[in-house]
Amino acid sequence: MGSHPAIAQEQNCCPASAEGSGVAPSLFLCKRGEMTATHVTTDSDADTMEQYFADGERRALELPNRGPIRFVGDGALHPDIVAAYWEYGFYVFEGVFGSDELADMEADLAALRRRFPTHRGSAVDLDGNPPIGTGLKAQNVIWAKSLSDPVGGSRRAHGRHPVKMHEPEAAADAPDEVVFVVHGSLQFSDACLRAYGHPGLLGVAAALNGDDFTPFNEVLFLKDPGVGPSVAWHRDGVTHWDSPNWDQGSHGFNFMGQVFGCTPENGVWVVPGTHKMRDVDIPGMVAEAGSDRLPHAVPLVCQPGDVAVTNRQAVHGSFANTSPQARVTINMGFHRRASVIGQMGSGIHGTVGLLDHDRITERSKVIGIAIEARKQRYPEETPFDYRPLAGQNFSFDDQARSALADYNALDLSV
Ligand SMILES: O=C(O)CCC(=O)C(=O)O
């Protein structure tokens, strides 16, 4: 195994700290497509990883599961898309967010990062103000050590991540800890809220989960260059594995919208087809592979503005980001109503409690607000008609924005 710097040199980068604004070194305010690394990581596994990444990308691009969102006839999702999604457990929708929408997202993300606590537990953000999360009860900003695997091999999240990933050593100048997940993201960003109301994406949700589909949760995954932690191989969902009615769609899916695009180095990897398997032995798969590089996994390869839809039952994970490129994923999950109603919320997201009609209805109103927020910014678009809220009117203004505080306490986690 060779050894070389995963990031060979400081790249064409614009960390605001370099410009004297006081932004912590983990904050990257760069534009799409620019290299953003400041932290040079030397990883002894880098050479073999490079080969694995290249092989994975080739296999991913050979699969027939990418292209624009296409509806046919009376508005049904194109049958080829539906078939490919159910066959492989993911599909990459290309060009969902245009340049205006991406610019809004970038601006919101830059503003949001300024509002993070300066470090875990800090009472101030970079401008000395109370940081986001102040006064909120539900989960919001999640920290982890640079390039670490915070959950692999632990009992956290119901033990869903059974094997620890390789943890490259972070550069000496890397921050000890970084924010890598933000829960309840729609309360912090209008651009994320508008993405949630995207008519094409909601049309896909209806096609895959039924017209009465429900929310699950929304988070941001921040995988900053040279510091972004890994997410150990896992599959999501804790409720239906032993149910007699279990099938390939029982635990819903996540949309993974890419603001900067994603690569094999910084993106999510999926083991195609595993969403159809009731039993999967992740420790056995890793043992057989001899490392965390699962040979049948493929990376999501996306341009800025692409959105992958990934079945939560598929085995998936992401490696620590030793690459020079940032990934920000706008995650938005959806369920079948039948998978949620009458279940006990798992507490991994949202509070533990019965997921009854009232909780589902209350949580679903965020879809109504998002559609309204989107209408204001994109008045020429035909808004999505979300059947479960038919006849109800929503508005989007400061009052609606304030009402979103802690909305994610009601996340529908199965
Ligand atoms: O974005 C990532 O790195 C992990 C995403 C993930 O595991 C999920 O959405 O379930």
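In which sense, parallel or antiparallel, do strand E6 and strand E14 pair, and over how many bridges? In this predicted model, strand E6, which spans residues 90–93, pairs with E14 in the antiparallel sense, and four bridges join them. One of the contacts in register places Phe-90 opposite Thr-310, its bridge partner in E14.

**Strand E14 and its partners**

E14 also pairs with strand E11, residues 253–258, again in the antiparallel sense and here over five bridges. In that pairing, Phe-253 has Asn-311 of E14 as its bridge partner. Strand E14 itself covers residues 307–311 and is mostly covered, with five of its five residues buried. In a regular strand the side chains alternate between the two faces of the sheet. In E14, Val-307, Val-309 and Asn-311 lie on one side and Ala-308 and Thr-310 on the other, and with all of these residues buried, both faces of the strand are covered. Thr-310 and Asn-311, the bridge partners named above, thus belong to opposite sides of E14.

**The shell around the ligand**

The ligand is surrounded by Phe-221, Val-231, Asp-236, Asn-254, Val-268, His-316, Ser-318, Thr-329 and Asn-331. By character, three of the shell residues are nonpolar, five are polar and one is charged. Strand E15, residues 316–318, and strand E16, residues 327–335, each contribute at least two residues to this shell.

**Two residues with positive phi**

Leu-147 and Asp-406 each have a positive phi although neither is a glycine, and the table sets out their backbone angles and surroundings.

| Residue | Phi | Place | C-beta neighbours within 10 Å |
|---|---|---|---|
| Leu-147 | about 60 degrees | loop between strand E7 (141–145) and helix H4 (156–159) | 27 |
| Asp-406 | about 65 degrees | segment after helix H10 (398–403) | 15 |

Leu-147 counts as buried because it has 27 C-beta neighbours inside 10 Å, where 20 or more are required. Asp-406, by contrast, is partly exposed, because 15 other C-beta atoms lie within 10 Å, a count that falls between the limits of 12 or fewer for exposed and 20 or more for buried.

**Confidence in the model**

The protein chain has an average pLDDT of 90, and 89% of the residues score at least 70. Over residues 1–38, however, the pLDDT is below 50, although this stretch has 87 contacts in the model beyond near neighbours in sequence. Where pLDDT is low, the predicted coordinates should not be read in detail.

Note on methods:
Residues numbered from 1 in each chain as written. Predicted model: local features only at pLDDT ≥ 70, side-chain atom pairs only at ≥ 80, totals over all residues. Near = placed C-beta within 6 Å. Nonpolar A, V, L, I, M, F, W, Y, C, P; charged D, E, K, R; others polar. Pairing = 2+ DSSP bridges. pLDDT = per-residue confidence, 0-100. Contact = placed C-beta atoms within 7 Å.
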